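Trainee: Can you walk me through this one? I'd like to start with the charged side chains.

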Amino acid sequence: QKGQIRVETENIFPIIKKFLYSDHEIFVRELVSNAVDACQKIMAIKLSDSVKIEESPLRIDMILNKKEKTLTIQDNGVGMTESEVDKYINQVAVSGAEDFVQKYKDANII
């Protein structure tokens, strides 16, 4: 017998987020993935010639501070707009890179 599962998203998303992001390895991979997306975004913008961007090597740095017990992940890519944060950060398993690549692919840049 087949059926359907109905889920109230406002109830399930906090559970999914807690499950995914309580695993430190998954959380760190997500942060590094976001940094890679930011670097890919700046490369595509450079190729488009729509904005003049200073040439510098792309970087993703992971800085461990044992004394403070912190791990800082920083990049020199392009950040997100407010609407991109709402669309990609406030949702689980949605990649902004995919939409970004498609946008520039349609413009024959990628």
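Trainee: How many salt bridges are there?

Mentor: The count comes to four salt bridges, taking a salt bridge as a side-chain nitrogen of Lys or Arg within 4 Å of a carboxyl oxygen of Asp or Glu. Side chains of opposite charge can pair when their charged atoms come close. Bear in mind that this is a predicted model: local features need pLDDT of at least 70, side-chain atom pairs count only at pLDDT 80 or more, and totals for chains, interfaces and linings use all residues. Residues are numbered from 1 along each chain as its sequence is written, and side-chain values use heavy atoms, with hydrogens and water left out.

Trainee: Which residue pairs with Lys-41?

Mentor: Glu-84 does, with N to O at 2.9 Å. Lys-41 lies in helix α2 and Glu-84 in helix α3 (residues 82–89), so the salt bridge ties together parts that are 43 residues apart in sequence. Helices here are DSSP runs of H or I with at least four residues, strands are E runs of at least two, and both are numbered from the N terminus.

Trainee: Is Lys-41 buried or exposed?

Mentor: Lys-41 counts as buried, at 12% relative accessibility. The cut-offs are under 20% relative accessible area for buried, over 50% for exposed, and partly exposed in between, with a 1.4 Å probe and protein chains only. Its partner Glu-84 is partly exposed at 21%.

Trainee: What about Glu-55 and Arg-59, which residues do they meet?

Mentor: Glu-55 meets Lys-46 in a salt bridge at 3.8 Å, N to O. Arg-59 forms one with Asp-61, where the closest N and O atoms are 2.7 Å apart. Glu-55 is exposed at 64% relative accessibility, while Arg-59 is partly exposed at 46%.

Trainee: Back to α2. What span should it have, and what does the model give?

Mentor: Helix α2 covers residues 24–48, 25 residues in number, and should span 36 Å; its end C-alpha atoms are 36 Å apart, which agrees. The expected span is 1.5 Å times one less than the number of residues.

Trainee: Which of its residues are buried?

Mentor: Ala-35, Asp-37, Ala-38, Cys-39, Lys-41, Ile-42, Ala-44, Ile-45 and Ser-48. An α-helix has 3.6 residues a turn, so residues three or four places apart point the same way.

Trainee: Take Ile-42, then. What is it in contact with?

Mentor: Leaving aside neighbours within four places in sequence, Ile-42 is in contact with Ile-53, Leu-58, Asn-76, Gly-77 and Val-78. Contact here means heavy atoms within 4.5 Å. The C-alpha atoms of Ile-42 and Val-78 are separated by 5.5 Å, with the two residues 36 apart along the chain. Ile-42 counts as buried because its relative accessibility is 8%.

Trainee: And on the surface, which residues form the nonpolar patch?

Mentor: Val-36, Ile-60, Met-62, Leu-64 and Leu-71, with about 430 Å² of accessible area together. Areas come from the Shrake-Rupley method with a 1.4 Å probe, and for residues only the protein chains shown count as cover. Patch members have over 30% relative accessible area and no salt bridge; like charges are joined within 9 Å, and nonpolar side chains (Val, Leu, Ile, Met, Phe, Trp, Tyr) within 5 Å. β1 supplies the largest share, three residues. Val-36 is in helix α2 and is partly exposed at 33%.

Trainee: Where does Lys-69 sit?

Mentor: In the loop between β1 (60–65) and β2 (70–75). Its phi is near 55°, a positive value in a residue other than glycine. Most residues other than glycine have a negative phi. Lys-69 is exposed, at 75% relative accessibility.

Trainee: What order do the elements run in?

Mentor: From the N terminus on, α-α-β-β-α-α. Of the 110 residues, 14% count as buried.

Trainee: Where is confidence lowest, and where is it highest?

Mentor: Lowest in helix α4 (residues 96–106), at a mean of 61, and highest in β1, at 95. The score is pLDDT, the predictor's confidence in each residue, from 0 to 100. The chain averages 76, and 62% of the residues score at least 70.
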